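Trainee: Could you take me slowly through a single part of this protein and show me how its residues fit together? I would like a careful, connected explanation rather than a list.

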Amino acid sequence: MSLNPVPIDREPAAGAVLLTGIPGSGKSTVAEALAGRLRMSAHIQVDALQQMIVSGGQWPSPAENAEADRQIFLRARNACLLAESFARASFIPVLDDVVVRRAHLDFYRTNLAAVPLHVIVLAPGPAVAWQRNRTREKVLTTDWSPLDSAMRSELGQQGTWIDNADRTVEETVGAILSVTGLASIPEDDQPLQ
């Protein structure tokens, strides 16, 4: 291994993907699978950036909390910085975050402007999302299903909405690849899991 610096950045990535939806919609699972299908990609879990706050972290809650709201934008800014870095180095960033409000989406669009941003909203419906929340390893005790109507009201005309209630992860990834036009790894070349 050489200790000499080498160029990091190359041809910019073809785009970035922001996967959103209410908790339980399948964002993290689909984002990981999507990243695995792209030739060069990075999965950025925005919740993981929130977990990096060791002291003073405030997670979003249904109650009004100005500090939690500030931290939503802080983690979005850090996700955009990381995504821009990956995109400049030819890796397609696949971000997953709960984006409910237009201001939050506009923040992503403004701060991740170096490459085309594909906004994908996973929308299995509140009942399916709540059922998934109750049966997964990362169990949530708060019913976030009311976010579905808020998201539809604020973001209904934004991005591509995919009803993944009855789709497999693979079918959902296929639909995302189809609407974004991002090149995927041929089925025969994919690593065995």
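Mentor: Let us begin with the interior of this predicted model, where the largest nonpolar core has 45 residues, and L19, L34, V94, L95 and Y108 are those that touch the most other members. As background, nonpolar side chains in soluble globular proteins tend to be buried together. Take L34 from that group: once its neighbours within four places in sequence are left aside, L34 is in contact with V17, V94, V173, I176 and L177, and one of these partners, V94, is also among the core residues with the most contacts to other members.

Another residue of that group, Y108, leads us to helix 4, whose buried residues are H104, L105 and Y108. These three cover an arc of only 100 degrees around the axis, and therefore they sit on the same side of helix 4. On the other side of helix 4, by contrast, A103 and T110 are exposed. If you follow the buried residues of helix 4 outwards to their partners, you find that they pack against strand 1 (16-20), helix 2, helix 3, strand 3 (92-96), strand 4 (117-122) and helix 6 (146-155).

Helix 3, one of those partners, also holds R75. With a relative accessibility of 6%, R75 counts as buried, because buried means under 20%. Not counting residues up to four places away in sequence, R75 touches V46, D47, L49, Q50, W59, P60 and D97.

From R75 we can step into the largest pocket, which holds about 1,300 Å³ of space. Its lining is made up of 44 residues, and the closest to the centre of the pocket are P23, P60, R75, V98 and L147. Two or more lining residues come from each of helix 1 (27-37), helix 2 (46-51), helix 3 (66-88), helix 4 (102-111) and helix 7 (169-180), with helix 3 giving the largest share, five residues. Sorted by character, the lining residues of this pocket divide into 17 nonpolar, 15 polar and 12 charged.

Finally, compare the buried R75 with S55, which lies in the loop between helix 2 and helix 3. S55 has a relative accessibility of 65% and so counts as exposed, the cut-off being over 50%. The C-alpha atoms of S55 and G24 are separated by 27 Å, and these two residues are 31 residues apart along the chain.

Notes:
Residues numbered from 1 in each chain as written. Predicted model: local features only at pLDDT ≥ 70, side-chain atom pairs only at ≥ 80, totals over all residues. Heavy atoms only, no water. 1 Å grid on protein atoms, 1.4 Å probe; cavity = no way out; pocket = protein on both sides within 12 Å on 5 of 7 lines; lining within 4 Å. Points joined across faces, edges and corners; volume = space filled by probe spheres on them. Helix = DSSP H or I, 4+ residues; strand = E, 2+ residues; numbered from the N terminus. Nonpolar A, V, L, I, M, F, W, Y, C, P; charged D, E, K, R; others polar. Buried < 20%, exposed > 50% of the residue type's maximum accessible area, 1.4 Å probe, protein only. Core = buried A, V, L, I, M, F, W, Y, C linked by side-chain atoms within 4.5 Å. Contact = heavy atoms within 4.5 Å. Arc of directions from axis to C-beta.
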